[in-house]
Amino acid sequence: MSNKQEHITSIGGQAVMEGVMMRGPYKTVTAVRKSDGEIVKKVDENGTKTRPAICKAPIIRGCVNFVDSLIIGMKALMFSAECVELEDDEAVEESKLDRWLEEKFGDKLKDVVIYFAVAVSIVFSVGIFMLLPAFVTRLVEAIPGIQAVTSAHAFTSVFEGILRMLIFLGYMMLVSNMKDIRRVYEYHGAEHKTIACYEAGEELTVENVKKHTRFHPRCGTSFLLFVMIISIIVFALLPRFDGFNAIVGTIFRLLSRLALMPVVAGLSYEVIKFAGRSRNKCVAILSKPGLLLQRLTTREPDDSQIEVAIASMLPCIPDNKEDDKW
C-alpha cells in the first residue's frame, strides 16, 4: 500500500451494545443491530468543525475532545441500550424515584441522566486511576526504614506511575474476560478495521474490511496509555510537599494531580495526534505498547458486526475528504 493512496482520517468511533458509534467532522452516527437482524441508525449533527478557535488550540483541544467524547459516547450507549431488546420481557414496576424524576425533569430527564453518568464516570476514573495511586504512594513514603529510597524525588512519580499502570492493566484484563464485554470488543475491532479500510482508499465492503488490522494507532486505549506515561513525566516536575504534615501534604499532592489532569489529557491528545499522522519508525516503536494493549480491548469481528460498523461509517464521510483529514 503506497502512502499516496492513504487518507488518514479524523473520523473515530466507539463500540456500543450490539453496535458502533462513528463521529465525523459534521455527523455522529450510531448504528445498532436489533435482535431481529435490522440495523437501526441515529444520525446527529455535531459542531466539530464550527467550534470557537480557542477550542481548537493545542492542549485545549485535547481537553475539549475528551469531555465531548464522554458525553457523545454516553448518548450512543443509551441509544444502543434502548434498541437492544432485553431477554427478560417482564414489565418492571415503576418506582417512586422514577416517577419523581419524570415529574421533576420531564423531557430533559435523559439529558440529566447522561450528564450525571458522565460526571460519575469522571469521578470514578480520576479517583481510581489518579488519586488512589497518589494516596498509596504517600503511605509507602511514610513507611519507616525505607526513606533512603522513598526520599528520592523521582520515587514519587515513578512508583505512583507504576501503580497507575498496574491498576489500569488489571482492570483491562478483568473486564476483557466478561462475556458481554467480549462482544463489545468485537464491535470495537469492527470499528478499527472499517476505519483502516477507509484510510486505505478501498471501498467499504465486508470483504475489503476483513482484510485490515483491528489495531489502530489513534484508539482510545492507546490514548489512555499515553495519559499514564505522560502523567509520570508531568507529575515528576511537581514538588513532593514534604514540608507539610502528612495530612496537609497528602491533600496538596491530590489537589495538584487534579489541577494538572487537563494538562495531561491535552498533552496526551497532542502526542496521539502526532503518532497517528507520522509514519516514522521511532514513532511506530513508541506506539507499539498501545497497539499491544488493544489485544485486550479488541476482538476479531464477524461479518454481521462489520456490516454495522460500515453502516455507521458511511454517513460520517464528508463530500470533501479534506474536511476529515486528521
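This report describes a four-stranded sheet, the helices lying across it, and two helix pairs in a predicted model.

**The sheet**

Four strands form an open sheet in the order S1-S2-S3-S4, and their pairing is antiparallel. The edge strands are S1 and S4 (39-45), each of which pairs on one side only. From one strand to the next, the twist averages 15°.

Strand S1 covers residues 12-16 and pairs with S2 in the antiparallel sense over 5 bridges. One of the residue pairs is glycine 12 of S1 with its bridge partner in S2, arginine 23. S1 and S2 form a hairpin with 2 residues between them. In that turn, glutamate 18 has a positive phi of about 55°.

On its other pairing, S2 meets strand S3 (residues 27-33), again in the antiparallel sense and over 5 bridges. Here valine 20 has alanine 31 in S3 as its bridge partner. The connection from S2 to S3 is a hairpin through 3 residues.

**Burial of S2**

Is strand S2, residues 19-23, mostly covered or mostly open? S2 is mostly covered, with 5 of its 5 residues buried. The burial applies to both faces: Gly19, Met21 and Arg23 lie on one side, Val20 and Met22 on the other, and all are buried. Arg23 is thus listed among the buried residues and is also the bridge partner of glycine 12.

**Helices across the sheet**

Two helices are described relative to the strands. Helix H6 (residues 179-199) lies across S1, S2 and S3 and runs at about 160° to S1. Helix H11 (residues 303-313) lies across S2, S3 and S4, with an angle of about 155° to S3. S2 and S3 appear in both sets of strands.

**Helix pairs**

The table sets out the two helix pairs.

| Pair | Axis separation | Angle | Residue classes in the contact |
|---|---|---|---|
| H5 and H8 | 8 Å apart | about 165° | 11 nonpolar, 4 polar, 2 charged |
| H6 and H11 | within 8 Å | roughly 55° | 9 nonpolar, 2 polar, 3 charged |

Why are H6 and H11 oblique to each other? Their axes cross at roughly 55°, an angle that is neither under 35 degrees, nor over 145, nor from 65 to 115, and H6 and H11 are therefore oblique. The crossing of H6 and H11 is right-handed. On the H6 side, the contact is made by Arg183, Glu186, Tyr187, Ala190, Glu191, Thr194, Ile195 and Tyr198. The H11 side contributes Gln305, Ile306, Val308, Ala309, Ile310 and Met313. By class, the residues of this contact divide into 9 nonpolar, 2 polar and 3 charged.

The other pair consists of helix H5 (residues 153-176) and helix H8 (residues 220-236). H5 and H8 pack at an angle of about 165°, and angles over 145 degrees count as roughly antiparallel, so H5 and H8 are roughly antiparallel to each other. Their crossing is right-handed. From H5, the residues in contact are His153, Ser157, Val158, Glu160, Gly161, Arg164, Met165, Phe168 and Met172. In H8 they meet Leu224, Leu225, Met228, Ile229, Ser231, Ile232, Phe235 and Ala236. The contact of H5 with H8 has 11 nonpolar, 4 polar and 2 charged residues.

Terms used:
Residues are numbered from 1 along each chain as its sequence is written. This is a predicted model: local features need pLDDT of at least 70, side-chain atom pairs count only at pLDDT 80 or more; totals for chains, interfaces and linings use all residues. Side-chain values use heavy atoms; hydrogens and water are left out. Axes are lines fitted to C-alpha atoms, for helices over the stretch in contact, and angles run from 0 to 180 degrees between N-to-C directions. A crossing is left-handed if the near helix is turned anticlockwise from the far one by less than a right angle, and right-handed if clockwise. Contact means heavy atoms within 4.5 Å. Ala, Val, Leu, Ile, Met, Phe, Trp, Tyr, Cys and Pro count as nonpolar, Asp, Glu, Lys and Arg as charged, and the others, Gly among them, as polar. Buried means under 20% relative accessible area, exposed over 50%, partly exposed in between (1.4 Å probe, protein chains only). Two strands pair if DSSP finds at least two bridges between them.
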